[in-house]
Amino acid sequence: MTRPHPDIDIRPIDEDEIPDWIRALNTGFLRSPGVTEDEIADRRSYIEPSRTLGAFDGGRCVGTFRSFEQQLTAVGGAAVRADAVTNVSVTATHRRRGILTRMMAEDLGAAKERGDVVATLIAAEYPIYGRYGFGPATWMTEWTVDVPRAGLDARWSGPEDGGRIDLVDREDVRKLGPELYERVRRSQPGAVSRTRRWWEIETGAVHLDRAPWVEPFFSVYRSATGEVEGMAAYTCDDRWEDKQPAETAKVKWLIATTAAAERALWRHLCSIDWVTKVRSGWRGPDDLLPFYLPDPRAARVTTRADWLWVRILDVVRALEARTYDRAGALVLEVVDAAGPAGGRYRLEVAEDGRASCAATTQNAELTLGVADLATLWLGDESAVRLAALGRVQEDRAGAGRMADALLHTSGRPWCPDMF
Ligand SMILES: CC(=O)SCCNC(=O)CCNC(=O)[C@H](O)C(C)(C)COP(=O)(O)OP(=O)(O)OC[C@H]1O[C@@H](n2cnc3c(N)ncnc32)[C@H](O)[C@@H]1OP(=O)(O)O
């Protein structure tokens with residue numbers, strides 16, 4: 001049972017409270033609480049104190065919460081401004097007293113006031129964030145490929161399409177990666193913007209003592225015309241068994257703007273001498289990887305989980321930001337008891353796939369919570385399935401099918417990143 005605790009002071013931190021705040025975050029994430037000068041300088045370089053909340057009991061920080069500006073790609077490729085939530089923790093001595101609830105209310109209130117369309121996060125545990133109106137909007141799957149079983153031609157030595165794969169250095173990754181990812185992100189619903197710091201961490205330009213950096217291999221695919229169309233980062237684990245190499249190539253990330261580049265990079269990863277297993281990293285659930293293999297059963301699902309959670313703050317702008325595959329109209333009753341998004345909305349999609357959305361007094365056809373709307377918004381779930389689960393209510397027979405015809409997409413959304 002949550003016991004409210006009015007004596008806890010929740011507020012944006014001051015610069016000089018950063019060390020105490022990091023200590024609380026380390027504690028909440030069960031890492032050794034000690035804070036190094038390195039860590040303080042690093043945090044200071046990028047956090048925005050006004051969006052970095054601390055919960056203080058007397059002089060001690062016992063709760064942490066941070067948000068930052070992010071772009072999230074909607075269906076159709078438009079970017080919407082998101083309030084990205086991260087570094088959420090409450091020290092075990094102060095749990096279940098409503099501290100997270102208060103920090104979340106403060107941050108989402110500020111996000112709404114700023115005009116952010118949605119909030120986003122990657123949930124440590126499934127049950128935490130639904131109560132705040134977040135719904136799982138993308139999923140991820142990780143595969144492990146048993147290379148000898150895959151049936152690939154062992155003589156392969158590079159792409160047959162005139163493209164080429166080269167190993168490159170981290171400076172090249174810092175040069176080529178951000179622009180490539182921008183192109184990937186703009187065509188991938190569910191993808192989020194990456195900061196310069198993301199590339200600096202991935203390439204070892206920023207690394208903290210806490211987690212020593214291991215330089216991965218970076219491979220780049222260029223098309224026949226020399227265009228950079230794909231890039232992958234992977235490590236190998238130096239494992240041998242009974243005088244036989246038995247290495248696992250662990251893919252940290254693989255991005256591509258074309259199917260040819262993606263196929264060639266996977267082919268390359270599955271053709272490295274000594275490598276008997278390839279772990280794919282966090283892929284979209286409908287990733288083609290298994291089907292690039294003559295025997296798709298050689299790719300076994302190792303992990304499957306909810307990934308990006310979305311909280312819609314502005315229903316009108318969220319629904320108008322995305323595109324739709326067909327024309328139609330639907331009246332939605334959105335329930336958002338404690339939040340800003342509740343109300344009845346009419347969504348009207350024109351022949352060109354663009355939508356208009358406005359508050360209405362017409363009869364509702366589908367009633368759903370704001371978290372379930374987020375789950376439908378990026379196109380991943382089906383309203384008919386949610387109705388079967390009792391999570392959405394059809395106020396007009398057939399409204400679930402209509403919602404699916406409008407909202408559901410043939411390709412599934414994917415967020416390649418953790419933040
Ligand atoms: C985006 C990210 O940063 S993900 C990382 C999240 N952080 C962690 O997982 C670190 C370890 N856990 C924690 O620090 C804390 O348990 C937190 C932050 C998850 C929760 O903080 P608390 O202050 O305990 O949450 P709070 O007291 O506001 O709880 C509100 C409600 O959520 C429920 N709740 C909170 N955390 C959990 C959980 N992990 N599992 C199930 N229910 C939960 C509470 O029981 C309470 O329910 P009630 O209103 O029905 O009584």
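Seven strands form an open sheet in this predicted model, and their order across the sheet is β8-β9-β10-β13-β14-β7-β15. The pairing is mixed. At the edges stand β8 and β15, the latter covering residues 299–306, and each of these two pairs on one side only. On average, neighbouring strands of the sheet are turned by 25 degrees against each other, with direction ignored. As general background, strands of a sheet pair through backbone hydrogen bonds, either parallel or antiparallel.

Let us take one pair of strands. In which sense do β9 and β10 pair? They pair in the antiparallel sense, over six bridges. One residue may serve as an example: F218 has A233 in β10 as its bridge partner.

I turn now to the helices on this sheet. Helix α4, residues 170–186, lies across β8, β9, β10 and β13, and it runs at about 125 degrees to β10. Helix α6 also packs on the sheet, where it touches β8, β9, β10, β13 and β14. The direction of α6 makes about 25 degrees with that of β10.

Is helix α6 mostly covered or mostly open? Helix α6 spans residues 259–269, and eight of its 11 residues are buried. The buried residues are A261, E262, R263, A264, L265, W266, H268 and L269. What covers them includes β8 (164–168), β9 (217–222), β10 (228–236), β13 (247–256) and β14 (275–279).

Next, please look at the beginning of the chain. Helix α1, residues 18–28, packs with helix α2, residues 37–46, at an angle of about 105 degrees, and their axes are 10 Å apart. Because angles of 65 to 115 degrees count as roughly perpendicular, α1 is roughly perpendicular to α2. On the side of α1, the contact is made by I18, P19 and I22; on the side of α2, by E39, I40, R43 and R44. By class, the residues of this contact are four nonpolar and three charged, with no polar residue.

Finally, the domains. The domain assignment of the protein gives domain 1 (9–116), domain 2 (141–304) and domain 3 (315–407). The centres of domain 1 and domain 2, taken over C-alpha atoms, are separated by 32 Å. How many residues does each of the two bring to their contact? Domain 1 gives 12 residues and domain 2 gives 14 residues. On the side of domain 1 that touches domain 2, α2 and β3 (60–73) each supply at least two residues. That side of domain 1 has four nonpolar, five polar and three charged residues.

Terms used. Residues are numbered from 1 along each chain as its sequence is written. This is a predicted model: local features need pLDDT of at least 70, side-chain atom pairs count only at pLDDT 80 or more; totals for chains, interfaces and linings use all residues. A residue is buried if 20 or more other C-beta atoms lie within 10 Å of its own, exposed if 12 or fewer, and partly exposed in between; C-beta atoms are placed from the backbone. Helices (H or I, at least four residues) and strands (E, at least two) are DSSP runs, numbered from the N terminus. Two residues are in contact if their C-beta atoms, placed from the backbone, lie within 7 Å. Two strands pair if DSSP finds at least two bridges between them. Axes are lines fitted to C-alpha atoms, for helices over the stretch in contact, and angles run from 0 to 180 degrees between N-to-C directions. Angles under 35 degrees count as roughly parallel, over 145 as roughly antiparallel, 65 to 115 as roughly perpendicular and the rest as oblique. Ala, Val, Leu, Ile, Met, Phe, Trp, Tyr, Cys and Pro count as nonpolar, Asp, Glu, Lys and Arg as charged, and the others, Gly among them, as polar. Domain bounds come from an automatic or database domain assignment.
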